[in-house]
Amino acid sequence: MNIKALLAGITCFGVAGLAAHAGQDAKLSIDGEVLTTQAAAPAHTENLDEIYSGWLFRSGETQALQLDDFDNPGFVFVDQAIDEYSKVDGSAGKSCASCHENVEDFAGLRPTLPRVEGAELVSMEDLINNCRTERMGAEPWKWSGGKMTGMTALIGVQSRGLPMSVAIDGAAAPFWEKGKELYYKRVGQLDMSCSNCHEDNYNKMIRADHLSQGQINGFPTYRLKNAKLNSIHARFKGCMKNIRAQPFKEGGDEFKSLELYIASRAEGLAVETPSVRN
Amino acid sequence: MASGVKPRVKVPKTAAAGETITIKTLISHKMESGQRKDKEGVLIPRSIINRFTADFNGQNVIDITIEPAVSTNPYFEFEAIVPEAGEFKFTWYDDDGSVYETSKQITIT
């Protein structure tokens with residue numbers, strides 16, 4: 001799909017144009033595997049009928065970068081993480097590979113995170129840092145640092161193509177409720193909530209930006225604007241700064257709850273890690 | 001040796017004799033231009049990949065001189081005619097004297 005077709009869709013059919021156009025001519029196919037970029041909205045996402053991957057909102061050139069793993073700059077960092085995976089670090093003399101021999105075994109993990117363990121909600125970054133401090137005796141990595149985003153991309157790409165599916169009932173329910181509250185809560189000088197852009201006004205231009213639904217099925221995502229992998233929480237932070245709000249802390253309870261809620265809104269979309277966006 | 005250097009190449013595994021194929025290469029390298037200064041204001045010495053070559057069965061296909069203006073992770077895409085089965089050999093030369101090599105076999109269908 002090119003941007004012209006998409007824009008033509010907007011002018012002719014309003015929001016429905018996305019479904020009419022994007023669904024027909026844009027297929028996210030990587031090495032012959034077609035990824036689901038559009039699905040019926042899950043029941044708990046009352047205000048949307050269809051959910052769309054952010055990939056559908058990008059220009060043809062940006063979309064093309066994700067169609068081939070060689071062209072996808074995110075894989076430079078995945079390759080670096082492969083080396084890091086078997087590098088011994090910390091006082092226990094262990095690497096990731098000492099316990100988790102094959103990184104392929106992590107297939108299926110990405111779409112189920114964040115999840116509740118004990119009384120806490122944990123994201124993939126927590127699991128990695130827990131391994132580093134508890135098992136390896138190493139220093140934890142920074143939440144959105146280069147090594148962390150590379151590793152979350154390496155582990156995440158093992159699940160590429162699998163549908164997003166986080167648990168939101170049982171022990172996860174209070175976290176999910178909190179995330180939902182944050183999603184709809186207006187904050188900052190501009191007094192905006194996540195939903196104002198990504199639910200009420202997706203598929204519209206906000207000056208030069210084409211608003212997506214803010215789905216997180218492609219994270220960590222390689223962004224052309226900063227030429228590196230970006231974590232989910234770093235992206236949340238960027239959004240909050242845009243609306244002149246004081247961002248929450250990366251790795252804090254607020255962002256983890258929000259991550260759970262937004263992940264639940266993507267139920268059915270394929271994991272695209274590492275995706276390419278602008 | 002600069003850290004995190006990793007060559008990547010994409011060459012089709014098979015081709016018809018005489019076919020023109022597209023080759024993509026990328027090496028992750030920070031390509032320090034030698035123009036930047038660190039926090040103390042001291043010039044960071046230049047450290048780039050200054051030359052890239054590709055050979056097919058010992059015959060040179062492409063030989064590129066790279067200058068400091070080239071950005072990080074230099075990517076080259078070029079076409080080559082494959083007359084016979086053989087091996088593509090790719091070589092990157094670092095300012096610090098390191099040489100990074102990788103090769104890919106191609107068969108004729």
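Visitor: Why is R51(B) called partly exposed?
Guide: In this predicted model, R51(B) has a relative accessible area of 33%. Buried means under 20% and exposed over 50%, so R51(B), at 33%, falls in between and counts as partly exposed.

Visitor: What makes the pairing of D63(B) and R51(B) a salt bridge?
Guide: Their side chains meet at 2.9 Å, N to O. The cut-off is 4 Å between a side-chain nitrogen of Lys or Arg and a carboxyl oxygen of Asp or Glu, so the pair qualifies. D63(B) sits in strand β5 (residues 59–65) of chain B and R51(B) in strand β4, so the bridge ties together parts 12 residues apart in sequence. D63(B) is partly exposed too, at 41% relative accessibility.

Visitor: How do you know that R46(B) and D95(B) form a salt bridge?
Guide: Their closest N and O atoms are 2.8 Å apart, and the limit is 4 Å, so the rule is met. R46(B) is in the loop between β3 and β4 (49–56) of chain B, while D95(B) is in the loop between β7 (86–94) and β8, so this pair connects parts 49 residues apart in sequence.

Visitor: Over in chain A, why is R132(A) called buried?
Guide: Buried needs a value under 20%; R132(A) has a relative accessible area of 5%, so the label fits. R132(A) also forms a salt bridge with D89(A), with the closest N and O atoms 2.7 Å apart. That pair links distant parts of the chain, with R132(A) in helix α6 (residues 124–135) and D89(A) in the loop between α4 (74–85) and α5 (96–99), 43 residues apart. D89(A) itself is partly exposed, at 31% relative accessibility.

Visitor: How many disulfides does the rule give over all chains?
Guide: The count is zero.

Visitor: What keeps C96(A) off the disulfide list?
Guide: The nearest cysteine sulfur, that of C131(A), is 7.3 Å away. A disulfide needs two sulfurs within 2.5 Å, so C96(A) is in none. C131(A) is in no disulfide either, since its nearest cysteine sulfur, that of C99(A), is 6.7 Å away, against a limit of 2.5 Å.

Visitor: What makes K6(B) and D83(A) count as a salt bridge?
Guide: Their closest N and O atoms are 3.0 Å apart, and the limit is 4 Å, so they count. Between chain B and chain A there are five salt bridges. The two chains bury about 930 Å² between them, 52% of it on carbon and sulfur atoms. In chain B, K6(B), R8(B) and K10(B) lose the most area to chain A, together 59% of what that side buries. K10(B) also belongs to a network of salt bridges with D68(A), D71(A) and K24(B).

Visitor: What makes the link between Y100(B) and D94(B) a polar contact?
Guide: The side chains are joined at 2.7 Å, and N or O atoms must be within 3.5 Å, so the distance passes. Y100(B) lies in strand β8 (residues 99–108) of chain B. With a relative accessible area of 7%, Y100(B) is buried.

Visitor: Last stop, helix α10(A): which of its residues are buried?
Guide: In α10 (residues 232–242) of chain A, they are I232(A), H233(A), F236(A) and M240(A).

Visitor: Why do the buried residues of α10(A) line one face of the helix?
Guide: Seen down the axis of α10(A), they fall within an arc of 95 degrees, so they line one face. What covers them includes β10 (228–230) and α11 (253–265) of chain A.

Technical notes: Residues numbered from 1 in each chain as written. Chains lettered and ligands numbered in written order. Predicted model: local features only at pLDDT ≥ 70, side-chain atom pairs only at ≥ 80, totals over all residues. Heavy atoms only, no water. Buried < 20%, exposed > 50% of the residue type's maximum accessible area, 1.4 Å probe, protein only. Helix = DSSP H or I, 4+ residues; strand = E, 2+ residues; numbered from the N terminus. Arc of directions from axis to C-beta. Contact = heavy atoms within 4.5 Å. Buried area = accessible area lost by both parts, 1.4 Å probe. Polar contact = N/O pair within 3.5 Å; in protein donor to acceptor, adjacent residues only side chain to side chain.
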